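Work through the exercises below with the sequence and the model in view, trying each task before reading its solution.

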There are 2 protein chains.
Amino acid sequence: MNKDKKVTSYDVAREAGVSQSAVSRVFRPGLSVSQKTRDKVMETANKMGYRPNAIARMLITKQSGMVAVIVSSRANINYPEVLSQVSKQLAARNKRVLLFTLDDAESADDLFEQIRTFQVDGVIALAAHFESQRLAQFKQHNIPVVLYNRNVPDAMANTVCCNHELGIKQLIAELQINQPKNYLVLSGPKDSDVANERREIALNLLKKSDENHVSVLYGDYSYQSGRDCLAKWLKKHPAPDAIICSNDSMAVGVIDEARENHKIHIPNDMSVVGFDGYASSSWSSYQVTTIKQPLEQLVKAAVDMLIERIENPESPPEARVLTGMLIKGNSVRRP
Amino acid sequence: MNKDKKVTSYDVAREAGVSQSAVSRVFRPGLSVSQKTRDKVMETANKMGYRPNAIARMLITKQSGMVAVIVSSRANINYPEVLSQVSKQLAARNKRVLLFTLDDAESADDLFEQIRTFQVDGVIALAAHFESQRLAQFKQHNIPVVLYNRNVPDAMANTVCCNHELGIKQLIAELQINQPKNYLVLSGPKDSDVANERREIALNLLKKSDENHVSVLYGDYSYQSGRDCLAKWLKKHPAPDAIICSNDSMAVGVIDEARENHKIHIPNDMSVVGFDGYASSSWSSYQVTTIKQPLEQLVKAAVDMLIERIENPESPPEARVLTGMLIKGNSVRRP
DNA sequence: TTCATTATTGCATTCGAAGTCATTATTACG
DNA sequence: CGTAATAATGACTTCGAATGCAATAATGAA
């Protein structure tokens, strides 16, 4: 039934008594082929186990049908589901995901060259940091880029992002019900754009509402860093009334540390809020008050924008901001 | 500096005053080129922004340099980090990940065709179920396959897996310190091979040690299903002394449900063990006693085997079983 | 039935790099 | 210095499908 060597369109053509062009046309949608040849070709193709070679097709059509998805190690911690969502939604648009991981800035040049080499139709960057200089490179080579979970106004790329400003405003409003006297902002790492954005928004909003006792600490988004930061803080200071964490993992870490090592009751002695709506933050031992990101919609927006950009390269960059949902958990004191 | 159209090796050749072959050779490692031409070509290539076209290279060399990684939605829940590990380790072997998601069995045929079309060098399947019939298909088309986290003796594919038998034996030994009178085995879904394996191993081991009061319930690996199953059980039965969960998420669900809705103290009233060593199961509110899978080593084994198989297609199928590490948490009563 | 129109078909070319082979330049050494 | 061995180079072909174009077949209108 099938031989060692791969079956090509020529083999099928010969066997079916038609030209190679005919075979090709049968496997492209919407091309003019008579029902008779179509049936004949299909039959022999199936019999011989023929599949069109996507590589050859890519070469001639200059469309690889692949989208590079760049995942920073950070993104992986925070959104385990994003990637499969992206893959699924791109598959629905008949595109595949070519996966790249990005850890350190040094390899970014390399990554860029790799991506160019593979002739991808576009790029989706998950929570990865890109200099605007690099975005310019992509633009120069006509590679559409969508930044997921970034919100940079001057971007040369499309961005999709959940509304941090609004979300954090809601979280702070929740906290303010108790009129806390002092705040601790537990930020993500300084080299994370999202962390910086969330932190600055929080600080600005607190300043606006004349909250004067605000301190900042830096973690790395991990559970352990949440614990460590709180422990470090408590060595020199009393427990703050309210802690604003840049993500849920750190919030959970803070809660565990407070309870286990410092006999601090959450939420009675201290209120904690997170961000993201990560599944485990809703587990009943934590029930973190947080903003749940509209994951599916975010991914859909990213994919839509990318496809639009691929099909119409001239369309101007666009920033989509979706609204997250406030989850009222049990980590903020209720009066 | 760079024009609209893509720069090809011919363009560089013309500009540098050499032949296209020369340009090609400069960009392949280990080929005979004089230092002079190499420098000249490199310089003009950089000036013109030339990158070799991987698609064209794939076509002629018949090596795509891409590995299809198939992720079932289930795998994603259980091992958020596996995928980036796979990508990283494959990148180190100069291969890229082409990502495919597999949800329902219906799409499996489609998936297979897709994979063939893309001429991937090999396949790694993460916790996905494949009929041996399908494995035969892959074999027939000379596509090397590695099954991650599966242990099927008669496989036509390579497999890598953590030692379930040993791990579960250790977990049961932990539980037996308290001489529990009855057991509840909380299995993963029936259509998961891993779940079935873990369940049957547990049941067999319990039978061997003459434990007679053993019941089984089926969840879907999720936190919520852990909660639901326990709740359902407690409606008609008293709390079991020991619960063996097929993964950590369900164990955490069980713990939360027991504490929150049934005033059952873990571990004093009931012991719970999980499997996987999922990060959040070690959070101090849970501290699930479990087996930690040696993730990096598992992935490394999978990648090694795949590369070996790609380079040497005749090498016989191999099954690698790595030993997990017992994590003594705080979810099993200590005498 | 005849001619115009449209639908099918095949031929030949194309995409861009890699590799084969024959040729030329270089080096080594007697 | 001459010759053999080796290194470097370029012309040409190849991979497999897609497509423009011309030729042919099928259809419809008159």
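**Exercise 1.** Identify the bridge partner of Cys161(A) in β11(A), and then place the two strands in their sheet.

*Solution.* In this predicted model, Cys161(A) has Val321(A) as its bridge partner in β11(A). Widening the view to the strands, β5 (residues 158-162) of chain A and β11(A) run parallel and are joined by four bridges. The next step is the whole sheet, an open one of 12 strands with mixed pairing, in the order β11(A)-β5(A)-β4(A)-β3(A)-β1(A)-β2(A)-β2(B)-β1(B)-β3(B)-β4(B)-β5(B)-β11(B). Its edge strands are β11 (319-322) of chain A and β11 (319-322) of chain B, each of which pairs on one side only. From one strand to the next, the twist averages 20 degrees.

**Exercise 2.** Decide whether Glu174(A) is buried or exposed, and list its contacts beyond four places in sequence.

*Solution.* Begin with the location of Glu174(A), which is in helix α9 (residues 164-176) of chain A. Its relative accessible area is 8%, and because buried means under 20%, Glu174(A) counts as buried. Once neighbours within four places in sequence are left aside, Glu174(A) is in contact with Leu326(A), Lys328(A), Val332(A) and Arg334(A).

**Exercise 3.** Determine which residues of helix α1 (residues 9-16) of chain A are buried, and what covers them.

*Solution.* The buried residues of α1(A) are Ser9(A), Asp11(A), Val12(A), Ala13(A) and Ala16(A). Their cover includes α2 (20-27) and α3 (35-48) of chain A. Finally, follow the chain just past α1(A), where Gly17(A) takes a positive phi of about 70 degrees.

Note on methods. Residues numbered from 1 in each chain as written. Chains lettered and ligands numbered in written order. Predicted model: local features only at pLDDT ≥ 70, side-chain atom pairs only at ≥ 80, totals over all residues. Heavy atoms only, no water. Buried < 20%, exposed > 50% of the residue type's maximum accessible area, 1.4 Å probe, protein only. Contact = heavy atoms within 4.5 Å. Pairing = 2+ DSSP bridges. Axes fitted to C-alpha atoms, helices over the stretch in contact; angles between N-to-C directions.
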